[in-house]
Amino acid sequence: MIKLMNEYLSNWFQIYFREKQLGEETWTFLIDGESHKLSTSSIQAFICSNLDVRLQMEIKKQLVYLDYYNQDIQDYLRYLAKSILDIKLHHTTEVGNKR
């Protein structure tokens, strides 16, 4: 059941992003003194394939809300990019410290 939901949401995101025709943006974040870059397309791909269903549902809910109120989707993707980068970098650091 979870696999079906994940496939449904991945398809929903792909269609949503394709219909929105968002331009490609690349954001640079300075985290722990290092520069990291993420693009709109990399965040979209991450949302479609690397998140569990619960997080995908929350992101979908927020995108629908922003779309309904005609808000900028790119601002939200930038926020997600920073959050995802923070999580990935700190998770990697924690795993590295346990060895």
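**Figure 1. N70 in the loop between α3 and α4.** With a relative accessible area of 71%, N70 is exposed, and this residue of the predicted model belongs to the loop that runs between α3 and α4. The phi angle of N70 is near 55°, which is a positive value in a residue other than glycine. For context, most residues other than glycine have a negative phi.

**Figure 2. The hairpin of β1 and β2.** The strands β1 and β2 pair in the antiparallel sense, and six bridges join them. Two residues lie between the strands of this hairpin, in which D32 takes a positive phi near 55°. D32 is found in the loop between β1 and β2, and at a relative accessibility of 64% this residue counts as exposed. Within the paired strands, L30 stands opposite S35 of β2. The strand β1 has a covered face made up of W27, F29 and I31, while T26, T28 and L30 form its uncovered face.

**Figure 3. Surroundings of H36 in strand β2.** H36 lies in β2, the strand of residues 34-39, and is buried, with a relative accessible area of 16%, a value that falls under the 20% limit for a buried residue. When neighbours within four places in sequence are left aside, H36 is in contact with W27, T28, F29, I31, L85 and L89. Among these contacts, W27, F29 and I31 belong to the covered face of β1, whereas T28 belongs to its uncovered face.

**Figure 4. Helix α1 and its two faces.** Helix α1 comprises the 19 residues 2-20, which at 1.5 Å a residue should span 27 Å, and the end C-alpha atoms of the helix are 27 Å apart, in agreement with that expectation. The buried residues of α1 are L9, S10, W12, F13, Y16 and F17. Seen down the axis of α1, these buried residues fall within an arc of 165°, so they line one face of the helix. The face turned away from this buried side carries the exposed residues K3, L4, R18 and E19. After α1 comes Q21, whose phi is positive, near 50°.

**Figure 5. Helix α3 and its buried side.** The 16 residues of α3 should span 22 Å at 1.5 Å a residue, and the distance of 22 Å between the end C-alpha atoms of the helix agrees with this. Buried in α3 are V53, Q56, I59, K60, L63 and L66. These residues cover an arc of only 145° around the axis, which puts them on the same side of α3. Exposed residues R54, K61 and Y68 are carried by the face of α3 that is turned away from the buried side.

**Figure 6. The largest nonpolar core and the contacts of L63.** The largest nonpolar core has 25 residues, and those with the most contacts inside it are F13, I43, I47, I59, L63, L77 and L80. At least two residues of this core are supplied by each of α1, β1 (26-31), α2 (40-49), α3 (53-68) and α4 (73-98). The largest share, seven residues, comes from α4. One of the core residues named above, L63, touches W12, F13, Y16, F17, I73 and Y76, when residues up to four places away in sequence are not counted. Of these partners, W12, F13, Y16 and F17 are buried residues of α1.

**Figure 7. I87 of helix α4 and its separation from K20.** I87 is found in α4 and is exposed, with a relative accessible area of 60%. The C-alpha atoms of I87 and K20 are separated by 27 Å, and these two residues are 67 residues apart along the chain.

**Figure 8. The chain that frames the close-up views.** The chain contains four helices and two strands, which follow the pattern α-β-β-α-α-α when read along the sequence. Along its principal axes, the C-alpha trace spans about 40 × 35 × 20 Å. Buried residues make up 33% of the 99 residues in the chain. Of the contacts with a separation of 6 or more, 65% are accounted for by residues 24 or more positions apart. The chain exposes about 7,100 Å², of which carbon and sulfur atoms supply 52%.

Definitions and conventions: Residues numbered from 1 in each chain as written. Predicted model: local features only at pLDDT ≥ 70, side-chain atom pairs only at ≥ 80, totals over all residues. Heavy atoms only, no water. Expected span 1.5 Å × (residues − 1). Buried < 20%, exposed > 50% of the residue type's maximum accessible area, 1.4 Å probe, protein only. Arc of directions from axis to C-beta. Contact = heavy atoms within 4.5 Å. Core = buried A, V, L, I, M, F, W, Y, C linked by side-chain atoms within 4.5 Å. Areas by Shrake-Rupley, 256 points an atom, 1.4 Å probe, with all protein chains shown as cover. Pairing = 2+ DSSP bridges.
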